[in-house]
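Trainee: I have a new model open and no idea where to begin. Can you walk me through it?

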Amino acid sequence: LDASQRTLPNFVVAGTQRGGTTSLFIYLLHHELVFGPRRAKGVHYFDRSPEKSADWYRAHFPRRSQLSKLETEHGATPAVGEGAPYYLYSPVIPQRIYDLMPNCRVIALLREPLDRAVSHHNHETQRGFETLGMVEAFEREEERLEGEVERLRNDPNYISLPHIHHGYLSRGQYSEQLQRYFDLFGQD
C-alpha cells in the first residue's frame, strides 16, 4: 500500500551462483548506510516474479523519507540493493533491471569456473534438484538446456528450471554474461 513512498535499489549484486553473493551482501549490510530488502538478500523480482508490478518490487525496500533523513545526517546517499546469482546468468534479466533502474550499479562476483561448477552440482544435489552424478550432469548439460534460452527470450513470464538448476559449466562462461551488463550499464 505504501510502495509509492519507497525507493528502488541503487545497486544490484549479480554474482555467479556459489560465488559469494550472500557473504558479500551480508558484509555490505553491516554498514549503517546500506540497506537491503526487508526479509532476504534477494526479492527475486527479475527472475521468479516478472509478472508482478514494479510497485510490488518497490514495496520490499526502505521508505524514501527514512533514506532522506539519513542522507542529511551523514552527508552521503544511502545505498539500497538486492541480489541473486541468477541475475548474472540469465540472458533476459540485465535488460529487465536496466528498464526499471537504468542508473543502478551492478556488482558482479565471479569464481573460478570449475570450482564453481563442482560446488553448484553439490548444492543442487543436496537440495534435491539434481539426481545425476557430476560427470553425467556435466556431459548432459547442453542437452538439458537445449532451447531454454530461446524460451526465456520469447516468453517474459517463462521460468526455466533446467536453466536455473543445471547450467553447471555454462554459468562459468562469464564473458557473455558480463557483456550483457556492459552493453546496458557500461563498465564502470
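Trainee: What radius of gyration does the protein have, and what would a compact globule have?
Mentor: The protein has 17 Å. A compact globule with 188 residues would be near 16 Å, so the two agree. The radius is taken over C-alpha atoms, and the globule rule is 2.2 Å times the number of residues to the power 0.38.

Trainee: Anything I should know about where these values come from?
Mentor: This is a predicted model: local features need pLDDT of at least 70, side-chain atom pairs count only at pLDDT 80 or more, and totals for chains, interfaces and linings use all residues. Residues are numbered from 1 along each chain as its sequence is written, and side-chain values use heavy atoms, with hydrogens and water left out.

Trainee: How many helices and strands are there?
Mentor: The protein has 12 helices and 4 strands. These are DSSP runs numbered from the N terminus: helices are H or I with at least four residues, strands are E with at least two.

Trainee: And how much of the protein is buried?
Mentor: Buried residues are 47% of the 188. Buried means under 20% relative accessible area, exposed over 50%, and partly exposed in between (1.4 Å probe, protein chains only).

Trainee: Let's pick a residue. Is H121 buried or exposed?
Mentor: H121 is buried, because its relative accessibility is 5%. H121 sits in helix α7, residues 113-126.

Trainee: Which residues does H121 contact, leaving aside neighbours within four places in sequence?
Mentor: Among them are L132, M134, F138 and Y168. Contact means heavy atoms within 4.5 Å.

Trainee: What lies by the polar side-chain atoms of H121?
Mentor: Backbone atoms. The backbone oxygen of L132 is 2.9 Å from a polar atom of the H121 side chain. For the backbone nitrogen of M134, the distance to such an atom is 3.4 Å.

Trainee: New topic. Where is R63?
Mentor: R63 is in the loop between α3 (54-58) and α4 (64-74). R63 counts as partly exposed because its relative accessibility is 35%.

Trainee: Which residues does R63 touch, not counting those up to four places away in sequence?
Mentor: D2, Q5 and R6. The side chains of R63 and D2 make a polar contact at 2.5 Å. That term means a pair of N or O atoms within 3.5 Å; within protein, one must be able to donate a hydrogen and the other to accept it, and residues adjacent in sequence count only if both atoms are side-chain atoms.

Trainee: How far apart are the C-alpha atoms of R63 and R6?
Mentor: They are 4.0 Å apart, although 57 residues separate R63 and R6 along the chain.
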